[in-house]
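Me: Could you walk me through this fold, going from the contacts to the strands?

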Amino acid sequence: MRLIKLGLTGGLGSGKTTAAKFFFLEKNAFVFDADEKSKSHLFQSNELQNKLIACFGSDVQSADGRLDFRKLGESAFTDSINQQKLNSIIWPEVNTLIQSSFKEALKSGFKLFVVDAALLIEADFMHFFDQILLITAPLKIRIERAKKRANISIEQISTRIKLQYTDEEKQKYSHQIINNDGSIESFIERLELFYKGLNIK
């Protein structure tokens, strides 16, 4: 039995998380949330925390000298250089976690393995997947969605969007594109159509 590897990506506020929930809840996919898993791993790994402190310096340290996760987020998303530094440290770890999860999904008999990762293309991790699905939406809609759910300021939202590749850049590496510019119902219909095209049996 073949386990299809799907890379799911899209910019902040595009609807990528909604798509991931659709595959998990409606299609029984094994979904690896790269953001959630990397944060959990970072929280548990003193070695990784020390690497980040060594890279970013006192700007990301708390008063007791430990890694301050809020300060790390602020520092890492100030410019493209800092974001690349973060990716170069975090993504080798994420890769290991993905490989381990893929083996688990294979052993458990799943038919679809989804990696939900906003920075999948920025981190140059396209090679792993059979398909890469890009979720897009107009910038104005993305900002409105991000304002409703994110616990960061509008300035931080704008900065993070600017640091991510544009949809046009991401399209070069994507096999399929779904534009999430309407109702949730129309978005689900487009996801259903995409899923049918995978021919999972």
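Reply: Happy to! A contact here means heavy atoms within 4.5 Å. One thing to keep in mind is that this is a predicted model.

Me: Among contacts in the protein with a separation of 6 or more, what percentage comes from residues 24 or more positions apart?
Reply: Take the contacts with a separation of 6 or more, and pick out the pairs that lie 24 or more positions apart. Their share of those contacts is 74%.

Me: How many helices and strands does the protein have?
Reply: Reading from the N terminus, the elements run β-α-β-α-α-α-α-β-β-α-α-α-β-α. The count comes to five strands and nine helices.

Me: Why is the protein as compact as a globular protein of its length?
Reply: For 201 residues, the globule rule gives 17 Å. The protein is as compact as a globular protein of that length because its radius of gyration is close to that value, at 17 Å.

Me: Which residues form the covered face of strand β2?
Reply: Strand β2 spans residues 30-33 and has two faces. V31 and D33 make up the uncovered one. That leaves the covered face to F30 and F32.

Me: Which residue in β3 is the bridge partner of F30?
Reply: β2 runs parallel to strand β3, residues 112-116, and four bridges join the two. In β3, F30 has as its bridge partner F113.

Me: How far apart are the mean positions of the positive and negative charges?
Reply: The protein carries 28 positive and 25 negative charges. Taking the mean position of each set, the separation is 3 Å.

Conventions: Residues numbered from 1 in each chain as written. Predicted model: local features only at pLDDT ≥ 70, side-chain atom pairs only at ≥ 80, totals over all residues. Heavy atoms only, no water. Buried < 20%, exposed > 50% of the residue type's maximum accessible area, 1.4 Å probe, protein only. Pairing = 2+ DSSP bridges. Rg over C-alpha atoms; globule rule 2.2 N^0.38 Å. Lys, Arg positive; Asp, Glu negative; His and termini not counted. Charge placed at Lys NZ, Arg CZ, Asp CG, Glu CD.
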